[in-house]
Amino acid sequence: METATPLQTELKVFEEHRQEWVRSHLGKFVVIQDRNVVQDFFDEFEDAFRAGIRKFGGDRDFLVKQIWKTQPVYFVV
Amino acid sequence: MSTHSIRWNPFDPADPGPCIKFSVTRFLDDIEAGQKVGLEYSAAPIPTALIDTGSPFTIINKVLARTCNLHRTNPHFEIITMGGPCDCEEFCGSLSFPDSPLPRIPEVRILAREFYKETAYSCIIGRNILKRWNICFDGKSRLVTITATDSA
């Protein structure tokens, strides 16, 4: 279900699993829609997105998120 | 391999940098599936993008991301600019370059944020696109030549 703030359910699921995934899949991308998680983890964002489309279709948004212990700082200059 | 040249005068302080026309849409498979069932899509706008080696990601105007109905993949993605931290949204979309022979990029990570004073362009083409291109600047002719090294 789409909530007022998009992808909040998916972000909650990510946080619930983050410590476990940091140990097993650090740096990989995970794909989540509602509480459903794509079983594979991916090296590249685009590969993860394509896997999300195959599993969930393109009708609704899904979360694609990289697994880090702490969020990296990305500089744009 | 396809090649495209653009003019850039780095010695003119008013020149924003090397720019290229672009078009952003939902990822290609989604549009093709829609067209097969009879959906019609209006022509995508063709705004201007700045080529920016200083950005790790491609970033577009948030209004453009919503207008083009891109597929959202993360509602919060923080970057740090010279003006300080900036909360972006993250999308996946397809990029093409209508005024050039450069190949379409079927799906790519695109961040979106407010563009306040960047009137000359509404997209920053970052290194996640540039890694697909070979870019050469000739200072004498003031020409930037882009060669697409792959189609993916």
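**Figure 1. C92(B) is tucked away, with 0% relative accessibility, so this cysteine counts as buried.** Everything in these views comes from a predicted model. Two sulfur atoms would have to lie within 2.5 Å of each other to be called a disulfide, and over all chains the count comes to zero. Take C86(B): its nearest cysteine sulfur belongs to C88(B) and sits 4.2 Å away, beyond the 2.5 Å cut-off, so C86(B) is in no disulfide. C86(B) counts as buried too, because its relative accessibility of 17% falls under the 20% limit. Back at C92(B), the nearest cysteine sulfur is that of C68(B), 14 Å away, and C92(B) is likewise in no disulfide.

**Figure 2. L7(A) takes a positive phi without being a glycine.** The angle is about 65°. Where along chain A does L7(A) lie? Look to the segment before α1, the helix that spans 8-25. Is L7(A) buried or exposed? L7(A) has 3% relative accessibility, so the residue counts as buried.

**Figure 3. Here is R142(B), another non-glycine residue with a positive phi.** This time phi is about 55°. R142(B) belongs to a loop of chain B, with β10 (133-138) on one side and β11 (143-148) on the other. What of its exposure? The relative accessible area of R142(B) is 35%, which means that the arginine is partly exposed, since that class runs between 20% and 50%.

**Figure 4. The view moves to the largest pocket, with about 330 Å³ of space.** Its lining is made up of 17 residues. Those nearest the pocket centre are T25(B), I31(B), Y41(B), S42(B) and A44(B). Which elements give two or more residues to this lining? They are strand β3 (23-25) and helix α1 (28-36), both of chain B. As for chemistry, the lining splits into eight nonpolar, seven polar and two charged residues.

**Figure 5. Stepping back a little, chain B mixes three helices with 11 strands.** Read from the N terminus, its elements go β-β-β-α-β-β-α-β-β-β-β-α-β-β. Why call chain B as compact as a globular protein of its length? Its radius of gyration is 16 Å and the globule rule gives 15 Å for 152 residues; the two values are close, so the description fits. Along the principal axes, the C-alpha atoms of chain B fill a box of roughly 50 × 40 × 25 Å. Some 53% of the 152 residues in chain B count as buried. Sequence-distant pairs show up in its contacts as well: among those between residues at least 6 apart in sequence, 64% join residues at least 24 apart.

**Figure 6. We finish on chain A, where H17(A) sits in helix α1.** H17(A) has a relative accessible area of 24%, so the histidine is partly exposed. How far apart are the C-alpha atoms of H17(A) and E46(A)? The separation comes to 22 Å, for two residues that are 29 residues apart along the chain.

Terms used:
Residues are numbered from 1 along each chain as its sequence is written. Chains are lettered from A and ligands numbered from 1 in the order in which they are written. This is a predicted model: local features need pLDDT of at least 70, side-chain atom pairs count only at pLDDT 80 or more; totals for chains, interfaces and linings use all residues. Side-chain values use heavy atoms; hydrogens and water are left out. Buried means under 20% relative accessible area, exposed over 50%, partly exposed in between (1.4 Å probe, protein chains only). Helices (H or I, at least four residues) and strands (E, at least two) are DSSP runs, numbered from the N terminus. On a 1 Å grid over the protein atoms alone, a cavity is a set of points where a 1.4 Å probe fits but cannot get out, and a pocket is an open set with protein on both sides within 12 Å along at least five of seven lines; lining residues have an atom within 4 Å of a point. Grid points are joined across faces, edges and corners, and a volume is the space filled by probe spheres set on the points. Ala, Val, Leu, Ile, Met, Phe, Trp, Tyr, Cys and Pro count as nonpolar, Asp, Glu, Lys and Arg as charged, and the others, Gly among them, as polar. The radius of gyration is taken over C-alpha atoms; the globule rule is 2.2 Å times the number of residues to the power 0.38. Contact means heavy atoms within 4.5 Å.
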